[in-house]
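The following report describes how strands and helices are arranged in the structure shown here.

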There are 2 protein chains.
Amino acid sequence: MATTSADQIFKEFREHSAAQFFKKNRQMLGYSGQGRSLVTIVHEFCTNSLDAAEEAGILPDIDITIKRIDNGTGISRYSIRVGDNGPGVPKSFVGKALGTIFAGTKFHRYMQQRGQQGIGAAGCVLFAQITTGKPIFIKSSTGKGAAYSCRLGINAATNKPVITEMRDLDEDFRGLVIEGEYADIRYEAGEHSAYEYIRRTALSNPHAQIKLTDPGGQESLFVRSVKELPRKASVAKPHPAGLSANDILEFAHASQSRKISTFMIDTFARTTQNKISELKAVDGTIDVDKDPKQMTWEDAEKLIGAIHKVRWIAPDASSVIPIGEAQIKVALKNILDPEHMSVTERRPAVFRGGIPFVVEAAVSYGGNSGRKVEGGYAGNVLRFANRVPLLFDTASCAISKAANDIEWRRYNIDMDTQPVSVFVNVSSVYVPYSGVGKEAIAQEDEIIDEIKLAIMEAARGVQHYVRGKEQVAFNINRYKAIARYVKQLSGDISDLTKADRARIEKRLESIVSKRFPKSEEREREKGQEEER
Amino acid sequence: MATTSADQIFKEFREHSAAQFFKKNRQMLGYSGQGRSLVTIVHEFCTNSLDAAEEAGILPDIDITIKRIDNGTGISRYSIRVGDNGPGVPKSFVGKALGTIFAGTKFHRYMQQRGQQGIGAAGCVLFAQITTGKPIFIKSSTGKGAAYSCRLGINAATNKPVITEMRDLDEDFRGLVIEGEYADIRYEAGEHSAYEYIRRTALSNPHAQIKLTDPGGQESLFVRSVKELPRKASVAKPHPAGLSANDILEFAHASQSRKISTFMIDTFARTTQNKISELKAVDGTIDVDKDPKQMTWEDAEKLIGAIHKVRWIAPDASSVIPIGEAQIKVALKNILDPEHMSVTERRPAVFRGGIPFVVEAAVSYGGNSGRKVEGGYAGNVLRFANRVPLLFDTASCAISKAANDIEWRRYNIDMDTQPVSVFVNVSSVYVPYSGVGKEAIAQEDEIIDEIKLAIMEAARGVQHYVRGKEQVAFNINRYKAIARYVKQLSGDISDLTKADRARIEKRLESIVSKRFPKSEEREREKGQEEER
């Protein structure tokens with residue numbers, strides 16, 4: 001057997017960049033399937049616009065135009081333009097912000113925002129480049145009354161931006177416009193369309209105004225239904241109960257404090273001088289006067305051990321910004337216009353020991369709730385994380401899992417036949433997404449449990465309404481079905497037993513009407529009405 | 001309203017490394033849940049060992065030992081040691097190979113291997129460091145009769161390896177041993193256990209010998225059942241029909257050829273001088289004498305346009321290495337020992353225009369097929385990609401989708417009650433995984449269709465056996481159920497009609513026994529046997 005040595009094999013050793021990796025595995029960023037790829041682009045830029053406007057304290061106005069381009073090659077292309085009224089991107093950062101994977105203002109800050117990774121926008125630039133070879137066009141205000149425009153590509157081998165045609169503009173403009181040309185995407189209708197994505201974005205962001213112009217020239221305007229901005233996101237301190245030894249060490253080594261005690265009080269939530277004393281009381285070998293820069297893994301583990309033996313106040317949830325019951329109601333009314341709805345906001349909960357999160361849920365019935373299917377309606381689940389609609393990877397999401405686990409019958413709800421929408425928004429400084437494309441929330445038990453409780457609370461709120469609504473229809477249908485069966489059965493029994501058919505039928509009918517007295521009456525009344 | 005300027009916001013701008021990204025989002029690499037995290041570690045090192053042994057032309061021997069460590073803190077830890085008899089890692093590459101994310105021998109080579117990303121092993125090192133602060137221990141032969149050992153960590157901020165305690169060893173050793181200490185993992189039993197992972201690895205790699213020692217000291221040896229190595233993977237040339245303009249451009253700009261014509265013939269599969277002439281005939285403006293380094297996007301697009309108008313021979317599938325029908329049979333016999341099985345290997349197919357892949361499927365009945373559930377058995381689906389078992393993310397996998405779409409009744413199979421295993425292996429130079437953790441194959445239509453056809457073929461092969469087996473039991477059960485109903489019904493009819501109960505019962509019985517003549521006899525015989 002001819003063997004090959006390690007040296008020969010390792011001649012092929014190479015390092016590659018994050019951009020190369022995602023270029024080869026673009027499906028991991030959401031670029032799988034032409035319909036989904038288009039939604040991914042709209043999603044990334046829309047998300048960035050909303051984050052930027054809110055951070056700058058501006059009520060967001062977003063304008064999206066999707067056009068089909070026929071360049072004669074037979075391969076269809078689209079141009080997607082997303083414009084906002086946000087603060088723009090400073091000229092010196094535009095390359096890194098939009099043309100470098102793993103770079104941004106959000107990754108390292110412990111703060112609730114839609115984006116958190118520094119991948120999305122650069123991924124779109126990469127995708128434009130792979131599919132059409134064209135850099136994207138950018139026009140931005142710089143915050144000093146000035147503006148510029150440029151074209152931006154990405155060097156996949158080095159994960160560095162390539163900026164061309166940089167021009168200062170002499171015009172009164174505020175905001176950011178990004179326009180790119182893409183192939184291998186398609187504008188589609190339905191549950192997984194850009195239109196649906198925008199509709200759901202409007203639902204979870206009633207303070208935003210969004211206009212979509214589709215490739216057919218059709219304009220859809222989702223008007224702002226509330227005039228207040230969400231509470232501004234603040235940088236949170238991590239809660240001790242959620243820390244690992246590794247976390248403590250990294251914070252300690254980066255600290256400017258001279259003692260572990262002051263370092264901990266400054267850096268972590270709910271950590272006071274009293275708590276430091278408690279930790280020392282639990283483990284006398286902990287040296288809180290040590291220089292945090294000198295902290296060892298063993299020191300950190302000892303601290304973690306003590307932290308887990310002390311009682312802590314739950315993390316401050318002020319860093320978590322839910323949409324709010326009143327705002328959800330306004331948005332649902334505005335967009336779904338249901339006959340009846342019920343909204344719940346759960347109290348803040350905690351996962352992985354120290355990461356606070358809040359679940360909001362709503363169940364709505366009638367109006368534009370649910371989705372139309374052949375012969376009627378079916379229920380649907382509208383999933384959101386930090387107000388961002390999640391349209392794909394349904395099966396692997398904590399929200400889907402929770403919704404599937406609900407015994408809907410207990411609430412008189414039939415998700416297969418009724419016009420019901422279940423709205424769930426999970427808000428947190430850190431949402432544990434299951435993949436880089438951020439289309440599903442990882443199925444962590446603590447999160448699933450909270451979502452279930454929220455949905456159940458909301459479902460209880462519509463239960464009576466739905467029961468009233470459905471009972472009548474249900475009983476009439478059941479009565480009808482059984483009444484049909486009576487005729488058939490009487491005939492069969494009569495054939496078998498030679499007993500009188502009419503007599504059997506009468507007996508059976510009287511049994512049935514004892515069980516469904518009202519239905520029978522209503523049915524007769526209905527019949528009479530129809531006869532009139 | 002107080003607004004914040006872009007300059008203020010961008011003060012927070014940072015770049016971060018791939019290691020930092022995956023440290024924060026470890027669930028994306030498969031580190032979500034303690035049970036799954038342990039399997040991920042075993043999986044990464046096992047996969048590397050199998051790839052390395054095969055590339056070196058060595059029949060793999062892998063020895064895995066998982067121990068529980070009690071270090072007195074109450075937080076349980078495990079040590080996981082994976083040893084192999086492969087070529088080892090040259091000293092100069094060990095840091096990059098095991099301590100740098102996005103580096104390796106596999107990413108850029110168009111060649112079928114289990115690993116393809118250069119993330120897995122470095123991810124394990126990172127995980128050990130995050131959870132226990134400890135570098136991993138490595139012992140390796142260097143291919144020159146020498147060996148060394150060292151400890152290896154990873155600097156997350158820079159994504160660079162940290163090597164300590166490097167020692168040359170004076171011993172006769174061949175292979176690679178990696179031993180690490182991990183917390184926040186747990187050894188579990190069941191469908192998603194390390195044992196099941198190894199059992200399935202043995203099933204798809206009958207040429208490997210694998211020993212697992214679990215934390216209880218229990219040894220499981222999966223013996224080698226075939227003595228030949230799989231055909232050696234070769235570097236394939238990309239097929240023109242699967243290329244994008246961007247691909248052609250990148251290849252062209254890296255080419256040493258002086259003309260586009262020779263560049264294409266050298267670089268792409270199925271591309272001959274005749275094909276070049278055909279391309280020119282389709283589009284006269286294509287200049288195949290141009291320097292490939294000067295190729296523009298427009299040139300590349302023109303080429304793609306012409307490529308799609310010309311007929312190509314399907315890609316050479318010799319780069320795809322399926323397990324093989326005979327080997328699958330040996331492995332199934334060895335590990336599942338079924339009463340009956342049927343194995344199919346489909347002919348090579350192509351997805352995304354030019355990437356060849358091969359699907360193999362087997363359906364086995366009885367023995368250790370399926371899984372035990374309360375009160376009997378249920379079917380299971382054993383998913384593999386390039387011989388690697390996929391245990392998680394079931395719902396989002398192309399194999400699960402295909403298996404769910406099968407109308408099992410048509411093959412007399414009931415996946416809810418029968419001891420049936422469905423084995424599917426997808427082999428390709430490039431498997432489109434849905435996530436970085438590589439636990440599911442993206443649901444591309446062309447792949448799903450091939451898997452369905454393979455499963456259906458295999459199912460047809462067991463259909464007759466299962467029918468014979470199940471028909472008897474089924475008819476007897478049905479006969480029994482209906483016979484019970486006869487008694488009840490005769491009583492009710494008699495009550496209603498006052499007709500003679502015995503007479504009604506006799507009439508009904510005669511109707512039933514006309515439909516189930518054999519079952520009735522068998523049931524009587526059985527009754528008599530029991531009475532004896």
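## Sheet and packed helices

In this predicted model, strand 2 (residues 61-69) of chain A and strand 9 (residues 209-213) of chain A run parallel and are joined by five bridges. Within this pairing, Asp63(A) has Lys211(A) of strand 9 of chain A standing opposite. Both strands belong to an open sheet of eight strands in chain A, whose order is 7-6-5-8-3-2-9-10 and whose pairing is mixed. Strand 7 (160-169) and strand 10 (219-222) of chain A form the edges, each pairing on one side only, and neighbouring strands of the sheet are turned by 15° against each other on average when direction is ignored.

Two helices of chain A are set against strands of chain A as follows.

| Helix (chain A) | Strands touched or crossed (chain A) | Angle |
|---|---|---|
| Helix 5 (residues 120-132) | lies across strand 3 (77-84), strand 5 (136-141), strand 6 (147-155) and strand 8 (176-183) | about 35° to strand 8 |
| Helix 6 (residues 194-204) | packs on the sheet, touching strand 2, strand 9 and strand 10 | about 170° with the direction of strand 9 |

Helix 6 of chain A also meets helix 3 (residues 34-56) of chain A, their axes coming within 9 Å and crossing at roughly 30°; the two helices are therefore roughly parallel to each other, and helix 3 of chain A passes helix 6 of chain A in a right-handed crossing. On the side of helix 3 of chain A the contact involves Leu38(A), Val39(A), Val42(A), His43(A) and Cys46(A), which meet Ala194(A), Tyr197(A) and Thr201(A) in helix 6 of chain A. By class, this contact has six nonpolar and two polar residues, with no charged ones.

Technical notes: Residues are numbered from 1 along each chain as its sequence is written. Chains are lettered from A and ligands numbered from 1 in the order in which they are written. This is a predicted model: local features need pLDDT of at least 70, side-chain atom pairs count only at pLDDT 80 or more; totals for chains, interfaces and linings use all residues. Two strands pair if DSSP finds at least two bridges between them. Helices (H or I, at least four residues) and strands (E, at least two) are DSSP runs, numbered from the N terminus. Axes are lines fitted to C-alpha atoms, for helices over the stretch in contact, and angles run from 0 to 180 degrees between N-to-C directions. Two residues are in contact if their C-beta atoms, placed from the backbone, lie within 7 Å. Angles under 35 degrees count as roughly parallel, over 145 as roughly antiparallel, 65 to 115 as roughly perpendicular and the rest as oblique. A crossing is left-handed if the near helix is turned anticlockwise from the far one by less than a right angle, and right-handed if clockwise. Ala, Val, Leu, Ile, Met, Phe, Trp, Tyr, Cys and Pro count as nonpolar, Asp, Glu, Lys and Arg as charged, and the others, Gly among them, as polar.
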